[in-house]
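Trainee: Hi! Could we look at this one together? I'd like to start with its pockets.

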Amino acid sequence: LNELLPTLCLPLREPAPSPLASLFAQPVGEVWLEIGFGSGEHLVWQAEHHPEIGFIGCEPFINGVASLLGKIETLRLATVRIHDGDARDVLAWLPPNSISRIFILFPDPWPKKRHQKRRLVSPEAVADFARVLRQGAELRFASDSGDYAGEGLLTIPASRAFAWTAERPKDWRVRPFDWPETRYERKALSEGRKPAYLSFRRL
């Protein structure tokens with residue numbers, strides 16, 4: 001945390017670089033964003049399988065940040081930058097049309113009705129996603145809360161900036177091959193909850 005994190009934190013006090021890909025220590029063709037990376041297992045899997053992509057990961061909890069830093073150091077990944085705070089600060093900092101994929105995997109569902117306004121996927125956030133995503137880019141959202149998944153399925157297309165990409169009725173129950181399992185997903189499955197895997201295309 002003391003040595004590696006300062007070298008990888010996003011420079012939010014400065015304007016975002018142009019092109020955004022210049023954030024990374026090695027050349028990359030696109031930039032993907034993961035909001036709430038947990039322990040970093042999904043982000044690291046993607047970085048290992050897509051060395052041509054730059055990754056920005058947002059996570060406010062220090063244990064998760066420390067876990068990801070350990071993986072970055074062990075694997076010597078040069079295509080990951082981190083924000084150890086609120087993802088909304090990163091969304092406000094990013095230039096328009098600069099991101100090619102966003103992952104929001106198993107965010108806190110805030111199940112109590114009085115807390116649901118804290119949910120990440122809201123009309124305001126969806127507008128931010130639409131601003132930073134390129135045309136044709138993908139937004140991936142997963143939840144083990146049926147209520148939250150349903151809300152996302154209504155809220156995201158309602159912006160008229162996204163189209164749900166499911167081709168068959170059961171597609172939302174099947175995790176794509178390039179969507180590795182996370183520990184939150186394993187926990188949900190072990191407790192009998194069935195996750196929903198939703199993918200949207202930026203129009």
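Mentor: Sure! Keep in mind that this is a predicted model. Let's begin with the lining of the largest pocket, which by class has 15 nonpolar, 8 polar and 13 charged residues.

Trainee: Okay, and how much space lies in that largest pocket?

Mentor: About 870 Å³. Its lining is made of 36 residues, and the closest to the centre are Gly 36, Phe 61, Phe 106, Pro 107 and Asp 108.

Trainee: Which helices and strands each supply at least two residues of that lining?

Mentor: Two strands do, E1 (30–35) and E4 (99–105). On the helix side you have H2 (41–49), H3 (62–75), H4 (87–93) and H7 (183–190).

Trainee: And which one gives the most?

Mentor: That's H7, with 4 residues in the lining of the largest pocket.

Trainee: Cool. What volume does the second largest pocket have?

Mentor: About 200 Å³. It is lined by 15 residues, and those closest to its centre are Thr 165, Ala 166, Asp 171, Pro 176 and Ser 199.

Trainee: How does that lining divide into nonpolar, polar and charged?

Mentor: For the second largest pocket, the split is 8 nonpolar, 2 polar and 5 charged. Strands E5 (133–143) and E7 (196–202) each bring at least two residues to this lining, and E7 gives the most, with 3.

Trainee: Switching topic: in what order do the strands sit in the sheet?

Mentor: Follow them as E3-E2-E1-E4-E5-E7-E6. These 7 strands form an open sheet, and the pairing is mixed.

Trainee: Mixed how? What are the options for pairing?

Mentor: Strands of a sheet pair through backbone hydrogen bonds, and they can be parallel or antiparallel. Here, E1 and E4 run parallel, joined by 3 bridges. If you want a spot to click on, Leu 33 has Ile 102 in E4 as its bridge partner.

Trainee: Found it! Back to the whole sheet, which strands stand at the edges?

Mentor: E3 (80–83) and E6 (162–164). Each has a single partner strand, so one side of each has no neighbour in the sheet.

Trainee: And by how much are neighbouring strands turned against each other?

Mentor: By 20° on average in this sheet, with direction ignored.

Trainee: Last one: which strands does helix H6 lie across?

Mentor: Helix H6, residues 146–158, lies across E5, E6 and E7. Compare its direction with E7 on your screen: H6 runs at about 10° to that strand.

Notes:
Residues are numbered from 1 along each chain as its sequence is written. This is a predicted model: local features need pLDDT of at least 70, side-chain atom pairs count only at pLDDT 80 or more; totals for chains, interfaces and linings use all residues. Side-chain values use heavy atoms; hydrogens and water are left out. On a 1 Å grid over the protein atoms alone, a cavity is a set of points where a 1.4 Å probe fits but cannot get out, and a pocket is an open set with protein on both sides within 12 Å along at least five of seven lines; lining residues have an atom within 4 Å of a point. Grid points are joined across faces, edges and corners, and a volume is the space filled by probe spheres set on the points. Ala, Val, Leu, Ile, Met, Phe, Trp, Tyr, Cys and Pro count as nonpolar, Asp, Glu, Lys and Arg as charged, and the others, Gly among them, as polar. Two strands pair if DSSP finds at least two bridges between them. Axes are lines fitted to C-alpha atoms, for helices over the stretch in contact, and angles run from 0 to 180 degrees between N-to-C directions. Contact means heavy atoms within 4.5 Å.
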